[in-house]
Amino acid sequence: MSGKGGVGKSAVTAALGIVAARRGLSVLTISMTEDLGLGAHLGVDRLGYSPQEIRPGIHGMTIDRSYALDEYIRLQLHAPRIAPLGPVARGLNALADTVPGIRDIITIGKALFEAGRDRWDLVIADAPPLGQVTSYLRAPETIASLVPVGRVRDQALRYQAQLADPGFSGLALVTTAEELPVVETLEAFDGIAEAVTISAVITNRLLSPLGVSEATVLAQPAGAHRDAGLLHRGLRRGQRRWNGQLPDGPQLPYLFGVHTPGEVAVRIADQLGEAL
Amino acid sequence: MTGVVLVTGGGGVGKTTIAAAVGVAAAEAGHETLVLTVDPARRLATALGLEQLGNHPEPNPKLKGLSAAMLDSAASWDAIAYRHAPADIAERLVTNPLFDAVATRFPSGQSYAAAEEMTVHIESGKWDVIVVDTPPASGGIEFFASPTRMRELVGGRLLRWLTGAGLPGRRGLFNLAGRPALRLADTLLGGPLLEQVAEFLFDLRTTYDGISAKSVDIEQHLRAASTVVVTTADPGPLREALRFHEVGIKPALVVFNRALPSEWLAHEEPLVDGRAAAALNENLARWALEVRRQEDSRADFSGRVATPVAAVPWLADAPVDLEGLRAILAGSPELSLDRLGI
């Protein structure tokens, strides 16, 4: 799952997990950024580094970039979890900061490892926002071109194939019907298409029709009713224009006055369940 | 002395528009003003007079005293190499595949390139006011950390790890047999890549003196600037806005964008006239729920940090011309040039 920042990506990711769990699937949701939004939408303060059941049928975890690298080094060194890693890890961390894609590929690799396990019917990853996700999903390709030999290269080639296989993985994009999110969503089709299949575009926060004509709203006495009517109509006009440029996909309504992240996710799940 | 305003915040909160509006107000107050922006919507770029999006300041044909330029990080990285490395090494650096990869992917790289570009404009002495729409990585916090990160990158710590304590010549940089700690890196990534990295870092190290001096200047400019954090009342952007305070950046102002009028909460006589009245009553009741939510988040935010806040009204249509940009500061008394030290 990706989308431009601020469109409700984490909320929709959590909601999709809730929908799948309601249908009896065993679901793992993964936050692939340090952002704690996903956990909040699923009703927990923080997600752990390994899968934990956070509500019936839904497990959650986060893949922290530096923790994942340390864990990877431990696996490679056969080092126990508590031993300090010392200069080797410090050096490899510095190396990972310099050679682009190393950290990305380790986090992607962790998500793909979970996706390959029989334990889950569905693995949903809250990926970095659009703008970062292209280079992120292309990390295996970047690594394969930069790294001529070695174990990481072999892994990169395997991940590249798994991401490109529509039977294994797909990218769902969340957007709102506003100029920049729509433009960036459409650009993603050019930038990402060879690395991964875009399997859905989900439009969030759509306003329903006001049911009153512009002229009738304008004819009202000055005040809150008229102003709120004009704002609603104006916002909806813009939404219709931009939504028209997007491919067909699930449409989610604007939620009025919903306070907590957990409540937002459940309300979206109710709508998404009908749309899917 | 150039006054610098950094406009920052999470994605999708409208910070580019706020930056443009501050720039327009500064120019109209008679200051020679430059707006540096990252990725404006096409129509906003047009409103700023950025017909062609380039690194060089374009004067706005419709507003005297206002210029705008893009912060194009790929072009800036080339400029950084040529500015800080000897010409032949700069040439070798920009053609190295790792350079391209680092320029576009090193997390702090784009931010650093933008910060150095900003500094060039500040130090040119041509501007009274520079308004910077910061690059979006990590909600803009990266921008503030980038000088330190960049110093570490070029500082040679990794190079020493790869090559041992002494810095040998560029060729034959490291000897695997003598460095058992490298064996894992070699298994994972292969010797050829490590050698390529070491060669690259060796070349990059020639930029160290230049970049360490420049990055200290940049940090001083960042500290002297007024920072405006833009947010909405939504949890994600609010979390980003709080993070600025947690890492010790003291914003001059937090702007709550897309604010709804609090008067919508007040009990008004419902409209009684016909079918439209029912729909409009219901509509106002729905939006009043949003007003309540926004007020609750603002109150919660102000309970956590003492930074002054400004509310900018939610507009049905994003501003597409100078008139629209002007209306933003006009409609938000707390968002004033005074508050930003201009």
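## Exercises on a predicted two-chain model

Helix H1 (residues 9-22) of chain A lies across strands S2 (27-31), S4 and S5 of chain A and runs at about 170 degrees to S5(A). The model is predicted: local features need pLDDT of at least 70 and side-chain atom pairs pLDDT 80 or more, while totals for chains, interfaces and linings use all residues. Residues are numbered from 1 along each chain as its sequence is written, and chains are lettered from A and ligands numbered from 1 in the order in which they are written.

**Exercise 1.** Describe the open sheet of chain A and the helices lying across its strands.

*Solution.*
- Step 1. Helices (H or I, at least four residues) and strands (E, at least two) are DSSP runs, numbered from the N terminus; two strands pair if DSSP finds at least two bridges between them.
- Step 2. In chain A, 4 strands form an open sheet of mixed pairing, in the order S3-S4-S2-S5. Strand S3 (52-55) and strand S5 (122-126) of chain A are the edges, each pairing on one side only.
- Step 3. From one strand to the next, the twist averages 30 degrees; axes are lines fitted to C-alpha atoms, for helices over the stretch in contact, and angles run from 0 to 180 degrees between N-to-C directions.
- Step 4. S3(A) pairs with strand S4 (residues 58-62) of chain A in the antiparallel sense over 3 bridges. A:Glu53 has A:His59 in S4(A) as its bridge partner.
- Step 5. Helix H5 (residues 102-115) of chain A lies across S2 and S5 of chain A, at about 160 degrees to S5(A).

**Exercise 2.** Characterise the side of chain B that touches chain A.

*Solution.*
- Step 1. Contact requires C-beta atoms, placed from the backbone, within 7 Å. The contact takes 51 residues from chain B and 53 residues from chain A.
- Step 2. On the side of chain B, H13(B) gives the most, with 13 residues.
- Step 3. By class, this side of chain B has 32 nonpolar, 9 polar and 10 charged residues. Ala, Val, Leu, Ile, Met, Phe, Trp, Tyr, Cys and Pro count as nonpolar, Asp, Glu, Lys and Arg as charged, and the others, Gly among them, as polar.

**Exercise 3.** Find the contacts of B:Val22 and its place in the largest nonpolar core.

*Solution.*
- Step 1. Not counting residues up to four places away in sequence, B:Val22 touches B:Val5, B:Val7, B:Val131 and B:Leu340.
- Step 2. Of the 172 residues in the largest nonpolar core, those touching the most other members include B:Val22, B:Val7 and A:Ala15. Such a core is a set of buried Ala, Val, Leu, Ile, Met, Phe, Trp, Tyr and Cys residues joined through C-beta atoms within 7 Å; a residue is buried if 20 or more other C-beta atoms lie within 10 Å of its own, exposed if 12 or fewer, and partly exposed in between.

Note on methods: Two residues are in contact if their C-beta atoms, placed from the backbone, lie within 7 Å.
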